[in-house]
Amino acid sequence: METPMSYDTQKGREDLLAFEREQPDNFWRADPHLQRVVRHWAGEDAVAAWEDDLDRFGGECAGPIDRAVRENNLNHNLPVLRRWGPYGDRIEEVEHHPSYHEAGRMIYGSGVMTALGEAGGNLRSQTLGFLSALNGEAGHNCPLACTAGVIKVMRALGSDELKERYLPRLLSRDYEQLAHGAQSLTEVQGGSDVGANSVRAVPGDDGTWRIRSEEH
């Protein structure tokens, strides 16, 4: 005799498999509303110039990126912090599964950050970011947001020296060479209220800066 629990479990599994079968093979092609919104704000000429990249990335997001993100999200593939090297030296190195880098190469390779260095490129970047985010955070979409912020601030307020030094790597599609932004939220007085944090940037004698947060 089938119990209610076994029926519910099987029904849930069948629903998930049905959901899986209905997923599109290209997120850009499958979203006419997104296409209309982008055309409205960017114009037909701009979208025509972007179409190949959006179509290619829409297919990657629905296919190989989705598969890499799922693989990376398995418990045994999650990032591992290696605090010490083989000789007892402090390394604080984060070890990632290869699927993390596989997804990253395609996400950054889409030009999602590169677009921010082009006139009127913010909407193009946001559209690529939207497609990427259909796979959730994917291990990279939070750094994308941080990097976009760094790029915009540096382009608006950075010195020529800083722009020349950092923008090429921040805007790069080359996953092996690029740089990206990050956040440091370490303060007990702030928590989710980021505005209450009191991080200070302190200049060093060698031209670098040190970020100081909660101090005792």
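This passage looks at the nonpolar core, the cysteines and the salt bridges of a predicted model. Local features were taken at pLDDT of at least 70 and side-chain atom pairs at pLDDT 80 or more, while totals for chains, interfaces and linings use all residues. Numbering runs from 1 along each chain as its sequence is written, and side-chain values use heavy atoms, with hydrogens and water left out.

The largest nonpolar core (buried Ala, Val, Leu, Ile, Met, Phe, Trp, Tyr and Cys residues joined through side-chain atoms within 4.5 Å; buried being under 20% relative accessible area, exposed over 50% and partly exposed in between, with a 1.4 Å probe and protein chains only) has 33 residues. Trp28, Phe57, Ile65, Met113, Leu131 and Ile151 have the most contacts inside it. Helix H3 (44–62) is among the elements giving two or more residues, and H3 gives the most, with six; helices are DSSP runs of H or I, at least four residues, numbered from the N terminus.

As for the cysteines, there are zero disulfides (cysteine sulfur pairs within 2.5 Å). The sulfur of cysteine 146 sits 4.4 Å from its closest counterpart, in cysteine 142, which is too far for a bond. Cysteine 146 is buried at 13%, whereas cysteine 142 is partly exposed at 41%.

Salt bridges (a Lys or Arg side-chain nitrogen within 4 Å of an Asp or Glu carboxyl oxygen) number 14. In one of them, arginine 105 meets glutamate 176 at 2.8 Å, N to O. Arginine 105 belongs to helix H5 and glutamate 176 to the loop after H8 and before strand E3 (200–203; strands are DSSP E runs of at least two residues), so this pair ties together parts 71 residues apart in sequence. Shared partners also link Asp53, Arg56, Glu118, Arg124 and Arg173 into one salt-bridge network.
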